[in-house]
Amino acid sequence: MQHTQVTISRLQRSVAAALASVQSGFEEEYLEPRTGYSLDLALPSSRVAVEVDGPSHFLLPDGRGVRKPNGPTLLKRRLLTAAGWRVISVPFYEWNGFATANGQQTYLERAVAPLLG
């Protein structure tokens, strides 16, 4: 993997802010040494990663409106899992569907809590 300039999206900033109110200790843009991937939000001590997946991470919706992750996104998830990470995906269409910050926090609590139990 080559080092590239990281641009943090508004979506990622929103998820990071909500996550900070749910669970402390997550690092933004953590460089995972075994795979070379940059993780959007990571708790290295627990090997939990939160990947904020914007539109570029998905194929166009199918005839039923279902969005499936694209090849590079699937590869990253598989390699991180093989390296011992538990990966939580936060798709943009789910995140943007919450009307309140409380809804977003509840979403993250339900996603993260079982992995930190």
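A nonpolar core, as used on this tour, is a set of buried Ala, Val, Leu, Ile, Met, Phe, Trp, Tyr and Cys residues joined through side-chain atoms within 4.5 Å. Buried means under 20% relative accessible area, exposed means over 50%, and partly exposed lies in between (1.4 Å probe, protein chains only).

Before you start clicking: this is a predicted model, in which local features need pLDDT of at least 70 and side-chain atom pairs count only at pLDDT 80 or more, while totals for chains, interfaces and linings use all residues. Residues are numbered from 1 along each chain as its sequence is written, and side-chain values use heavy atoms, with hydrogens and water left out.

**Stop 1: the whole chain**

Show the protein chain as a cartoon and you will find four helices and four strands, both taken as DSSP runs numbered from the N terminus (helices are H or I, at least four residues; strands are E, at least two). Follow the cartoon from the N terminus and the order reads α-β-β-β-α-β-α-α. Along the principal axes, the C-alpha atoms fill a box of roughly 35 × 35 × 30 Å. The radius of gyration is 14 Å, which agrees with the value near 13 Å for a compact globule of 117 residues; this radius is taken over C-alpha atoms, and the globule rule is 2.2 Å times the number of residues to the power 0.38.

Now switch to a surface. The protein chain exposes about 7,000 Å², with 53% supplied by carbon and sulfur atoms (Shrake-Rupley method with a 1.4 Å probe; for residues, only the protein chains shown count as cover). Of the 117 residues, 34% are buried. Contact here means heavy atoms within 4.5 Å. Among contacts with a separation of 6 or more, 54% join residues 24 or more positions apart.

**Stop 2: the largest nonpolar core**

Select V15, F26, L41, V50, V90, W95 and L108. In the largest nonpolar core, which has 19 residues, these touch the most other members. At least two core residues come from each of α1 (10-22), β2 (38-43), β3 (48-53), β4 (86-91), α3 (92-95) and α4 (101-116). Which helix gives the most to this core? It is α1, with five residues.

Keep V50 selected and display its surroundings. Leaving aside neighbours within four places in sequence, V50 is in contact with V15, L19, F26, D40, L41, I88 and V90. Apart from this core lies another of eight residues, including Y30, L39, A42 and A49.

**Stop 3: W85 and E32**

Next, pick W85, in the loop between α2 and β4. W85 is buried, at 2% relative accessible area. Beyond the four nearest places in sequence on either side, its contacts are Y30, E32, L39, A42, L43, P44, R47, V48, A49 and L80. For a sense of scale, draw a distance from W85 to I8: they are 77 residues apart along the chain, and their C-alpha atoms are separated by 21 Å.

One of those contacts, E32, is worth selecting by itself. E32 belongs to the loop between β1 and β2. Is E32 buried or exposed? E32 is buried, with a relative accessible area of 1%. Leaving out neighbours within four places in sequence, E32 is in contact with Y37, L39, R47, L80, A83 and W85. The C-alpha atoms of E32 and L80 are 8.5 Å apart, across 48 residues of sequence.

**Stop 4: two backbone angles**

Most residues other than glycine have a negative phi. Go to E29, in strand β1 (residues 27-31): this residue has a positive phi of about 55° although it is not a glycine. E29 is partly exposed, at 22% relative accessible area. Then move to R47, in the loop between β2 and β3, where phi is also positive, at about 55°. R47 counts as partly exposed at 26% relative accessibility.

**Stop 5: H57 and A101**

Select H57, in the loop between β3 and α2 (71-82). H57 is partly exposed, with a relative accessible area of 22%. Leaving aside neighbours within four places in sequence, H57 is in contact with V52, K68, P69, N70 and T73. From H57 to F92 the C-alpha distance is 9.5 Å, with their positions 35 residues apart in sequence.

Finish at A101 in helix α4, which is partly exposed at 48% relative accessible area. Pair A101 with A18: their C-alpha atoms are separated by 7.3 Å, and the two are 83 residues apart along the chain.
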